[in-house]
Amino acid sequence: MGFATALSGLKAASSSLQVTGNNIANSQTTGFKESRAEFADVYASSIGGVSKTQPGAGVRVTEVAQQFNQGNIEATQNSLDLAVSGNGFFVMADKVNLPDPANPNAPVNPSVPSAYTRNGAFQLDNKGNVVNSQGKYLLAFAPNGTTAAAGFSVGVFRPLTIDTAQGLPNATTSVAMKLNINGAASAPTAAVFDPTNPLSYNNTTSVTSYDTQGNSHIVSTYYVKTPVANAWDAYMFLDSYGITTGGGAVPPAAAPASTVAATLNTPGLPIPMTFTASGLLAEVGNRAASVVSAGALTAANTAVASTASASTGAGNLPAIYTAAATIASPALVATDAATSAANTVADTGAASADATNTAGAAYTSAGALTAQASAAAAALTAATADTNAAALSTAAAAANLSPTITALAAAYATAATNANTAAANYAAATPVADGITGTAAAALAATSAAKAVTAQTAFNSYNAAVAAFTASAKQATVVTAQSASTSATSFAAAASAVNSVPSAALFAASAKTTAATAAASAAAYATAAAAVVDSTTASAAAGLAATAAADAVTAQAAAVAYNNAVAAASANASPSTKVDFGAINLSAINPNISVAPMAFGLDFSGTTQFATPFSVNGLKQDGLPAGNLTGIDVDGTGVVFARYSNGGSKALGQVALARFQNNQALAKTGDTTWAQTSDSGQPIYGAAGDNNFGAIQSSALEGSNVDLSAQLVKLIVAQQAYQADSQAITTEKTLLETILRA
């Protein structure tokens with residue numbers, strides 16, 4: 001009969017109206033997913049199948065299928081309002097396992113999910129748990145630590161609980177500084193570092209750190225340029241007390257304990273920092289100390305070589321001055337060579353003048369007697385000069401200062417002999433008897449005088465050569481003395497930069513002290529060398545030179561010992577731009593507090609040494625004081641952070657999401673929640689943004705995905721279908737009545 005077919009149509013139209021009406025009713029329901037009625041035709045069948053002429057038996061509703069397309073996301077003012085943009089459901093539970101208030105650190109069994117929803121309108125219950133309006137608990141993955149970086153235990157469900165207690169302080173474990181240290185800066189004018197004297201350092205930085213109770217402590221770092229190229233020293237202070245690192249950490253062991261200076265403003269050992277030639281930070285700590293110590297050892301070797309050379313030169317100087325004095329005034333004669341030469345010139349000159357008075361018509365017997373006397377005196381003087389010149393030549397040859405001096409001495413001796421011969425010839429020509437013999441004697445006297453002048457000139461040449469030689473020897477000694485002083489001073493400067501390795505501290509002190517002593521000794525020798533004028537002062541300078549050479553060797557040995565100690569300390573050290581400060585006893589700084597020791601790393605990564613003004617490009621530490629809860633943040637991956645007034649945050653968990661192979665097979669449980677069925681498949685859990693899950697947006701809700709305009713059109717269509725099926729029943733009724741009346 002046609003009644004059954006029409007009635008099935010009425011039922012289908014009624015179902016469509018119900019589904020459409022439900023969609024319209026929930027068009028404002030958060031997280032609601034619209035449904036649609038799906039139909040199938042009905043045919044009566046037999047063993048032989050359906051006849052080609054078999055009319056249909058009507059229609060039936062095969063499924064009311066929900067549509068899980070994305071709804072509009074609307075912003076709200078509540079940070080606990082969450083919306084999923086993309087695939088995934090929030091995971092809910094009716095019952096959860098909460099921590100025991102009496103033992104909050106005891107293990108808690110994971111909670112079991114019981115429902116899934118897209119409605120992210122959450123709130124806090126009276127225990128701080130995040131729940132929906134029906135009291136179901138929002139589940140999250142348990143955090144592995146207090147930061148998102150520590151990760152979360154995916155699959156281990158915990159109720160998301162907001163802890164409203166005061167935020168705990170975090171002790172500082174890392175101080176990171178990114179600086180530019182001016183490579184064009186000069187070393188401080190004050191040689192000894194003192195944090196209270198700005199002339200003893202180049203720059204300083206400060207940052208506030210925190211201990212385990214949240215007490216603040218000022219970490220100050222002072223930067224000092226050293227005499228070593230591309231090397232700086234950094235001095236670390238905590239609340240104005242110098243701190244010395246105990247050495248680097250070797251995981252898993254912690255860094256050795258640090259040492260606190262006994263008094264305020266007393267520095268600890270400096271931290272060496274070395275840079276590359278291009279201005280990039282190369283090393284900090286032990287390995288940087290080894291670079292500095294190697295430079296100091298090189299300077300020590302140079303100082304030893306230069307002071308040894310200077311000492312050798314200085315040792316020869318007294319003999320030179322002694323020899324020069326000996327050959328200038330031989331001990332074999334009563335009158336020195338210079339006086340003899342001068343007297344010979346004077347006496348022969350006078351004799352020549354007297355002889356002139358006897359020549360020609362000027363002859364007188366009285367003049368002849370005078371000429372005879374002056375000739376005898378000149379001959380005696382010339383003989384004495386000849387003797388002294390011979391002795392001088394012998395002494396010069398023995399001294400062997402230089403071939404030139406020896407040759408000049410011999411030339412003088414020859415000239416003196418010639419002068420002596422000429423004087424003797426003149427003396428033999430007297431007495432003069434008349435003007436004729438007087439003229440001859442006068443000629444001999446003139447020759448004698450000329451020979452005496454020649455001898456005098458030869459002596460002057462010799463004497464100038466001796467003076468020039470001693471002056472040159474002194475100058476050479478002064479040059480080597482100054483070079484030795486310069487190298488020793490450079491060594492002392494390099495040694496002053498050795499530092500930082502606690503195991504080598506005593507060696508470093510010895511290297512600095514002995515290098516400074518060697519520099520002082522070399523400077524004293526250089527001063528004495530410049531003041532040498534004779535063999536006595538030359539001997540004094542030679543003694544100081546020997547002392548300087550010995551002191552340099554001692555300092556070199558100290559530098560070698562320090563270098564070996566540093567090399568041993570840094571042998572297993574890895575390249576690093578960080579210094580570890582192990583346990584720092586804060587009670588030694590402030591006796592009024594009793595807290596756990598501080599331990600942190602001082603990281604200089606990214607620091608440069610360019611020829612630009614000092615600048616701080618980054619300065620941070622990871623400690624926090626105590627703080628109060630000020631808000632809740634949820635990021636795009638669903639990580640929930642508690643935000644505190646101290647600027648810190650704590651990861652409370654990561655909102656769990658679930659997805660299914662067949663969303664439409666989920667069981668509708670009301671309150672915009674669904675439950676798992678065998679047809680939906682097992683839930684796949686994960687975090688927002690991972691493994692085909694959508695993102696989570698905080699302070700937002702996903703609205704209903706119902707399109708009212710479309711639903712109204714469907715309502716009209718369903719109404720028309722219902723009316724048409726009703727008309728079919730009416731028509732069928734009329735036909736039956738007609739048949740019955742016939």
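In this predicted model, aspartate 633 and arginine 643 are joined by a salt bridge whose closest N and O atoms lie 2.4 Å apart. Because aspartate 633 belongs to strand E22 (residues 629-634) and arginine 643 to strand E23 (residues 639-644), the pair ties together parts of the chain that are ten residues apart in sequence. Aspartate 633 is partly exposed, its relative accessible area being 34%, and arginine 643, with 32% relative accessibility, also counts as partly exposed.

Salt bridges that share partners join Lys33, Arg118 and Glu702 into one network. Within this network, glutamate 702 forms a salt bridge with lysine 33, and the closest N and O atoms of that pair are 2.6 Å apart. Glutamate 702 lies in strand E30 (residues 700-702), whereas lysine 33 sits in the loop between helix H1 (2-25) and strand E1 (35-42), so this contact ties together parts that are 669 residues apart in sequence. Both partners fall under the 20% relative accessible area that defines a buried residue: glutamate 702 is buried with a relative accessible area of 1%, and lysine 33 is buried with a value of 0%.

A further salt bridge brings together the side chains of aspartate 94 and lysine 136, with an N to O distance of 2.4 Å. Here each partner comes from a loop, aspartate 94 from the one between strand E5 (89-93) and strand E6 (115-117), and lysine 136 from the one between strand E8 (130-131) and strand E9 (137-143), so that the pair ties together parts 42 residues apart in sequence. The two ends of this bridge fall into separate accessibility classes, since aspartate 94 counts as partly exposed at 42% relative accessibility, while lysine 136 counts as buried at 16%. A search of the whole structure finds five salt bridges, among them the pairs of aspartate 633 with arginine 643, glutamate 702 with lysine 33, and aspartate 94 with lysine 136.

Turning from charged pairs to nonpolar side chains, one finds a surface patch formed by Phe39, Val61 and Val64, which together have about 210 Å² of accessible area. Of these residues, valine 61 is found in strand E2, which spans residues 58-66. Valine 61 has 32% relative accessibility and therefore counts as partly exposed, a value that is also over the 30% relative accessible area required of patch residues.

Technical notes: Residues are numbered from 1 along each chain as its sequence is written. This is a predicted model: local features need pLDDT of at least 70, side-chain atom pairs count only at pLDDT 80 or more; totals for chains, interfaces and linings use all residues. Side-chain values use heavy atoms; hydrogens and water are left out. Patches are made of residues with over 30% relative accessible area and no salt bridge: like charges are joined within 9 Å, nonpolar side chains (Val, Leu, Ile, Met, Phe, Trp, Tyr) within 5 Å. Accessible areas come from the Shrake-Rupley method with a 1.4 Å probe; for residues, only the protein chains shown count as cover. A salt bridge is a side-chain nitrogen of Lys or Arg within 4 Å of a carboxyl oxygen of Asp or Glu. Helices (H or I, at least four residues) and strands (E, at least two) are DSSP runs, numbered from the N terminus. Buried means under 20% relative accessible area, exposed over 50%, partly exposed in between (1.4 Å probe, protein chains only).
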